[in-house]
Amino acid sequence: MSTKKRVFKKLAEETKVELATQKVELGIMQDVKEAYNEHKQQRKNVDNTMNDWYSELFKVRDKFSKIENEYKQFKTKTFILEKAVEEMESIAKELGVQPNSLDFYNSAKALINTSKDIDDEFKEAKKLESKIG
């Protein structure tokens with residue numbers, strides 16, 4: 001083999017090695033770029049999802065003030081009903097009549113008793129609301 005052919009052969013081999021190295025570097029750069037873009041998109045997805053979640057959470061928290069107002073009115077109405085029933089019992093006793101024979105007495109007493117369930121529910125809701133902040 002002539003010297004000229006050996007030189008060209010050697011140059012061709014070195015060029016192949018250099019191109020292969022560049023190809024590997026280009027492949028790694030493509031992998032990093034793809035991983036970077038996928039990570040960046042997923043980060044955006046997570047951020048948007050968390051923002052939506054916080055938005056919904058704050059809406060729930062804001063609705064709690066309406067619950068508090070309704071509950072305060074409920075407590076006032078419960079107090080008024082309790083006083084009216086007590087007065088009904090007192091008058092019935094003075095007249096010698098059994099209160100449970102009077103209209104609305106049994107229904108009113110049952111409603112007062114079930115009002116305690118609302119108290120428990122409100123207390124539980126208040127605990128949850130305090131965790132939301």
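1. The side chains of Lys75 and Asp119 form a salt bridge in this predicted model, with 3.2 Å between N and O. Lys75 belongs to helix H1 and Asp119 to helix H2, so the pair ties together parts of the chain that lie 44 residues apart in sequence. The two partners fall into separate accessibility classes: Lys75, at 35% relative accessibility, counts as partly exposed, whereas Asp119, with a relative accessible area of 13%, is buried.

2. A second pairing between the helices joins Glu68 and Lys126, whose side chains meet in a salt bridge at 2.8 Å, N to O. Because Glu68 lies in helix H1 and Lys126 in helix H2 (residues 105–132), this bridge ties together parts that are 58 residues apart in sequence. Glu68 is partly exposed, its relative accessible area being 24%, and Lys126 is partly exposed as well, with a value of 35%.

3. Within helix H1 there is a salt bridge between Lys83 and Glu86, for which the closest N and O atoms are 3.3 Å apart. These two residues stand three positions apart in helix H1, and Lys83 and Glu86 are therefore separated by about one helical turn. In an α-helix there are 3.6 residues to a turn, so residues three or four places apart point the same way. Lys83 has a relative accessible area of 40% and is partly exposed, and Glu86, at 42% relative accessibility, is likewise counted as partly exposed. In the model as a whole, the count comes to seven salt bridges.

4. As to the overall architecture, the secondary structure of the protein comes to two helices and zero strands. Of the contacts in the protein with a separation of 6 or more, 69% are accounted for by residues 24 or more positions apart. Buried residues make up 10% of the 133 residues, and the accessible surface of the protein comes to about 11,700 Å², with 58% of that area belonging to carbon and sulfur atoms.

5. Helix H2 has 28 residues and reaches 41 Å from its first C-alpha to its last, which is close to the 40 Å expected at 1.5 Å a residue. The buried residues of this helix are Tyr105, Ala108, Ile112, Ser115, Asp119, Phe122 and Glu129. Asp119 thus appears in this buried set while also taking part in the salt bridge with Lys75.

6. The loop between H1 and H2 contains Phe104, and the backbone of this residue deserves a comment. The phi of Phe104 is near 70°, a positive value in a residue other than glycine. Most residues other than glycine have a negative phi. The side-chain environment can be noted alongside this, since Phe104, at 70% relative accessibility, counts as exposed, the cut-off for that class being over 50%.

7. On the surface, Val46, Met50, Trp53, Tyr54 and Phe58 form a nonpolar patch, which together has about 500 Å² of accessible area. Among these residues, Met50 lies in helix H1, a helix that spans residues 3–95. Met50 counts as partly exposed because its relative accessibility is 44%, a value that falls between the limits of under 20% for buried and over 50% for exposed.

Notes
Residues numbered from 1 in each chain as written. Predicted model: local features only at pLDDT ≥ 70, side-chain atom pairs only at ≥ 80, totals over all residues. Heavy atoms only, no water. Patch = residues over 30% accessible without salt bridge, like charges linked within 9 Å, V, L, I, M, F, W, Y side chains within 5 Å. Areas by Shrake-Rupley, 256 points an atom, 1.4 Å probe, with all protein chains shown as cover. Salt bridge = Lys/Arg side-chain N within 4 Å of Asp/Glu carboxyl O. Helix = DSSP H or I, 4+ residues; strand = E, 2+ residues; numbered from the N terminus. Buried < 20%, exposed > 50% of the residue type's maximum accessible area, 1.4 Å probe, protein only. Contact = heavy atoms within 4.5 Å. Expected span 1.5 Å × (residues − 1).
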